[in-house]
Amino acid sequence: MSLETSFERVSLPLEFPFTIARGTQTAAENVIVQVEDDDGRVGIGGAAPSPHYGETAATVEAVLPSLLEVVETVGDPHQLGRIERRMRAAIADNPAARCAVSIALHDLVCKRLDVPLYRYWGLDPTETVTSSYTIGIDDTERMREKTEIALDRGHDTLKVKLGTDRDVEIVETIRDVAPDVRLYVDANEAWTPKEAVRTIERLAAYDLEFVEQPVPAENPEGLRYVSEHSPLPIAADESLITVDDVPRVADRCDVANLKLMKCGGLREAKRIVHAARAHGLQVMCGCMSESNASIAAACHLAPLLDYADLDGSLLLDDDPYDGVPLPGGRIDLEAMDRPGTGAGTQ
Ligand SMILES: [Mg+2]
């Protein structure tokens, strides 16, 4: 058997400029990997590099030739464990680049076996979750309008980005237009520990599921302080990158928010799920600004999750890739009628 590989950089405009505490994005800069077998089956995977974790489309393009050389040398896509180990030995960092290859290989393996990814993993497609739809930071009136748009599109689970000088006002406004949705908030490290506790005490009046990453990841004692004093559950995102971080954060959060682009692949993502469960944490899977070339794969983890924030494709102006159907955000794996992750060009 031999495998042919290729990759291509794409810039996908977002529907609305997307602002979080750290800055604004207007497009998803992704790199799409393809791995083709002798029979012409093509596995598709996407890298959605995050500058916050030191990656850009340029760094992904720089390391992909080395990673894809590993794939072509091993030559058998079913050797997922061996390929991922060798990729890590070749390129230790650059998890988004490794992740694109991992997803493309899983997609190809499932296409060769003619099963959707969840079925390859033995997961029950009816045990799914609903992805949140994220409302980015904007002036409060515009955030109200975006919430109304989300409700019109059938979303019943929303995530709101915070880290402003009017965080309570924002949540009050959104609760006003969306009194019945499941709601959680993400400060993206914006608060000091004391400020976090003070703010969360006021946010607790608005029936929130949890508060994500209240303080900087560089302040693990701050995260512990917030977790011990917060009236709401705390989710760790920037504080939790790979499976090694799970025991480090387990006593200072309630929800582990894994992301494929942080951890470097689908096998590592599953390791995080199981390690987090073993430590008594709830599990969430989030995403970067990414197309269905990678989001579709993450959707197959749904039966293992308590929460999903897999709205990357929904936030694009027009995703060139198909994925798992997400009516109103519900990850409808049962409606996935084709093998692989479901990522394919329209
Ligand atoms: Mg987050």
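These are my notebook entries on the cavity, the metal site and the pockets of this structure. The model is predicted.

**Entry: metal site**

I looked up the magnesium ion first. Its protein donors are D186 (OD), E212 (OE) and D237 (OD), lying 2.0 to 2.3 Å from the ion. Along the chain I read the spacing as D-x25-E-x24-D. E212 sits in strand 7 (residues 211-212), whereas D237 sits in the loop between strand 8 (234-236) and helix 9 (246-249), so the pair ties together parts that are 25 residues apart in sequence.

Are E212 and D237 buried or exposed? I noted a relative accessible area of 0% for E212, which is buried. D237 is buried too, at 1%. The cut-off for buried is under 20%.

**Entry: enclosed space**

Next I looked for cavities. The count is 1 cavity of 30 Å³ or more. The largest cavity holds about 90 Å³ of space. I listed its lining as E15, F16, P17, F18, Y133, T134, I135, G136, K146 and L315. By class, that lining has 6 nonpolar, 2 polar and 2 charged residues.

Which element gives the most to this lining? Strand 1 does, with 4 residues. Strand 1 (4-20) and strand 4 (133-135) each supply at least two residues. Domain 1 (4-114) and domain 2 (119-345) both give residues to the lining, so the largest cavity lies between them.

**Entry: largest pocket**

I then turned to the open space. The largest pocket has about 660 Å³. I found 36 residues in its lining, with I20, Q25, S50, M288 and S289 nearest the centre. The elements that give two or more residues are strand 1, strand 2 (23-36) and strand 5 (157-161). Strand 2 gives the most, with 5 residues.

The lining of the largest pocket divides into 13 nonpolar, 10 polar and 13 charged residues. Domain 1 and domain 2 each contribute at least three residues to it.

**Entry: second largest pocket**

The second largest pocket has about 170 Å³ of space. I listed G81, E84, R85, M87, R88, R98, C263, G264, G265, R267, E268 and R271 as its lining. Helix 2 (80-90) and helix 11 (266-278) each supply at least two of these residues. Helix 2 has the largest share, 5 residues.

How do the classes divide here? I noted 2 nonpolar, 3 polar and 7 charged residues. Domain 1 (4-114) and domain 2 (119-345) each give at least three residues to the lining of the second largest pocket.

Note on methods:
Residues numbered from 1 in each chain as written. Predicted model: local features only at pLDDT ≥ 70, side-chain atom pairs only at ≥ 80, totals over all residues. Heavy atoms only, no water. 1 Å grid on protein atoms, 1.4 Å probe; cavity = no way out; pocket = protein on both sides within 12 Å on 5 of 7 lines; lining within 4 Å. Points joined across faces, edges and corners; volume = space filled by probe spheres on them. Nonpolar A, V, L, I, M, F, W, Y, C, P; charged D, E, K, R; others polar. Domains from an automatic or database assignment. Donors = N, O, S within 2.8 Å, 3.2 Å for Na, K, Ca; no water. Buried < 20%, exposed > 50% of the residue type's maximum accessible area, 1.4 Å probe, protein only.
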